[in-house]
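Trainee: Before accepting the terms used for a model, I should like to see each one justified. May we go through them in turn?

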Amino acid sequence: MNMELVITTESNKTMAAVTGRLDATNSEEFEQKMQPMLSGENPDITLDCSKLDYISSSGLRLFLILQKSVNTRNGKMTIRNLKPEIKEIFDMTGFSTIMQIG
């Protein structure tokens, strides 16, 4: 399955829905698609991961880049609706402690 990233902005909040698999084969595409979130005027980002089926270390790295960008702009990034198997990866890698998962 391919990866999709759909970004919408409403009332100073950026919402992004990630669908499919985020791995080395499509991390470059994801990185290009997330560029507006790195430089946008809205530092508050909510990532909806309800349809994220898989994330590799390449994908985690991109989430970390996004988190750092949000932090430097005094924003807040929230990751929502992680599937249990994806949440487990975040827990095992320590990402659950550096990212807000709600």
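Mentor: The discussion below takes up a predicted model and tests its descriptive terms against their definitions.

Trainee: Why is S56 called buried?

Mentor: The relative accessible area of S56 is 12%. Buried means under 20%, so S56, at 12%, is buried. S56 is found in the loop between β3 (45-55) and α3 (57-72), and it touches L22, D23 and A24, residues up to four places away in sequence not being counted.

Trainee: What makes F30 and F63 a stacked aromatic pair?

Mentor: Their ring centres are 6.2 Å apart and their planes make 25°. A pair requires centres within 6.5 Å, and stacked requires planes under 30 degrees apart; both conditions are therefore met by F30 and F63. Both residues are also buried.

Trainee: Why is this pair said to tie together separate parts of the chain?

Mentor: F30 belongs to helix α1 (residues 27-33) and F63 to helix α3, so the pair joins parts 33 residues apart in sequence. The count of aromatic pairs comes to 3, and ring pairs link F30, F63, F90 and F95 into a cluster.

Trainee: How do you know that β3 and β4 pair?

Mentor: Between β3 and β4 there are 4 bridges. Pairing needs at least two, so the two strands pair, and they run parallel. Within this arrangement, I45 stands opposite M77 in β4. Helix α3 packs on the sheet, touching β2, β3 and β4, with its direction at about 175° to that of β3.

Trainee: What makes β1 and β5 edge strands?

Mentor: The open sheet has 5 strands in the order β1-β2-β3-β4-β5, with mixed pairing. β1 (4-10) and β5 (100-101) each pair on one side only, and these are the edge strands.

Trainee: How do you know that the length of α3 is close to expectation?

Mentor: α3 has 16 residues, and 23 Å separates its first C-alpha from its last. The expected span is 1.5 Å times one less than the number of residues, which for α3 gives 22 Å, so the span is close to that expected.

Trainee: Which residues have the most contacts inside the largest nonpolar core, and which elements each supply at least two residues?

Mentor: The core has 26 residues, and those with the most contacts inside it are F30, L47, I55, F63, I79 and F90. β2 (13-22), β3, α3, β4 (77-80) and α4 (84-93) each supply at least two of its residues. In soluble globular proteins, nonpolar side chains tend to be buried together.

How values were computed:
Residues numbered from 1 in each chain as written. Predicted model: local features only at pLDDT ≥ 70, side-chain atom pairs only at ≥ 80, totals over all residues. Heavy atoms only, no water. Buried < 20%, exposed > 50% of the residue type's maximum accessible area, 1.4 Å probe, protein only. Contact = heavy atoms within 4.5 Å. Core = buried A, V, L, I, M, F, W, Y, C linked by side-chain atoms within 4.5 Å. Axes fitted to C-alpha atoms, helices over the stretch in contact; angles between N-to-C directions. Phe/Tyr/Trp six-rings, centres within 6.5 Å; stacked < 30°, edge-to-face > 60°.
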